[in-house]
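This report describes selected local features of one protein chain. The sequence and the model are shown first, and the account follows.

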Amino acid sequence: MIEKYLIEHCAPTLASLKTANLFTYHFEAEEDISKYLDIWNLNFKNKGIELILLKKEKGFALIYVCRKSRLQMDLNKAGVAEFLAEYGYESADADYAINRLKIRLNQYNSFPHEIGIFLDYPLGDVIGFIDNAGENSKCTGCWKVYCNECEAIRTFAKYKKCREVYTRLWSEEKRNIMQLTVAV
């Protein structure tokens with residue numbers, strides 16, 4: 001079942017076009033989601049992908065699928081550490097930042113807006129979303145765009161095409177998730 005979620009929600013990350021994706025996985029009470037994630041992480045180890053349980057409650061798990069090496073590059077971009085420091089992030093280390101994000105997710109009932117940084121959204125768009133309370137965007141796709149609309153539209157199209165191709169290869173041509181995941 002997780003394989004379907006990975007294809008539908010994480011194809012751009014599997015294809016190494018994007019740092020990370022996020023999805024909510026609904027599970028039965030008796031399922032041990034941590035055991036499933038351990039198995040997937042073992043399989044993905046040589047592909048540079050990690051599945052991280054960010055939050056678990058009442059039959060759902062919020063799963064973060066990322067390429068930590070790319071996340072580290074994103075966190076090292078100009079202005080990102082200073083931006084995250086405003087939300088209590090004391091380090092730009094990827095593991096530290098993910099753990100801090102987990103804490104913030106579990107403190108609130110909604111998503112902390114800095115999560116966009118962890119999903120490879122441009123810093124300007126994350127700041128624009130916060131400053132405008134989610135209103136007045138130039139366009140909306142995978143995220144709300146406040147800065148480089150043309151670039152964002154091209155990125156949205158690339159992600160959409162990737163999802164379509166991965167879905168077709170997985171469902172019609174019966175390629176498995178490991179065959180579809182790019183190693184870096």
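## Helix α1 and selected local features

In α1, the buried residues are Ile2, Tyr5, Leu6, Ile7, Cys10, Ala11, Pro12, Thr13 and Leu14, where buried means under 20% relative accessible area, exposed over 50% and partly exposed in between, with a 1.4 Å probe and protein chains only. The model is predicted, so local features need pLDDT of at least 70 and side-chain atom pairs count only at pLDDT 80 or more, whereas totals for chains, interfaces and linings use all residues. Residues are numbered from 1 along each chain as its sequence is written, and side-chain values use heavy atoms, with hydrogens and water left out.

Helices (H or I, at least four residues) and strands (E, at least two) are DSSP runs, numbered from the N terminus. The cover over the buried residues of α1 includes β1 (20–26), α2 (33–44), β2 (50–57), β3 (60–66), α8 (149–171) and α9 (177–180); contact here means heavy atoms within 4.5 Å.

Helix α1 spans residues 2–14, 13 residues in total, yet its end C-alpha atoms are only 14 Å apart, short of the 18 Å of a straight helix at 1.5 Å a residue. That expected span is 1.5 Å times one less than the number of residues. A kink of about 60° is found at Glu8, shortly before the proline Pro12; the bend at a residue is the angle between axes fitted to the seven residues ending there and the seven starting there.

Ser16 follows just after α1, in the loop between α1 and β1. Asn136 lies in the loop between α7 (123–131) and β4. Neither Ser16 nor Asn136 is a glycine. Their values are set out below.

| Residue | Positive phi | Relative accessibility |
|---|---|---|
| Ser16 | about 65° | 18%, buried |
| Asn136 | about 65° | 65%, exposed |

A further positive phi, of about 45°, belongs to Lys58, in the turn of the hairpin that β2 and β3 form with 2 residues between them. These strands run antiparallel and are joined by 7 bridges; two strands pair if DSSP finds at least two bridges between them. Leu53 stands opposite Ile63 in β3.

Strand β4 (residues 139–140) contains Cys139, which counts as buried because its relative accessibility is 15%. Leaving aside residues up to four places away in sequence, Cys139 touches Lys144, Val145, Glu149, Ile153 and Phe156. Cys139 and Ile153 are 14 residues apart along the chain, and their C-alpha atoms are separated by 8.3 Å.
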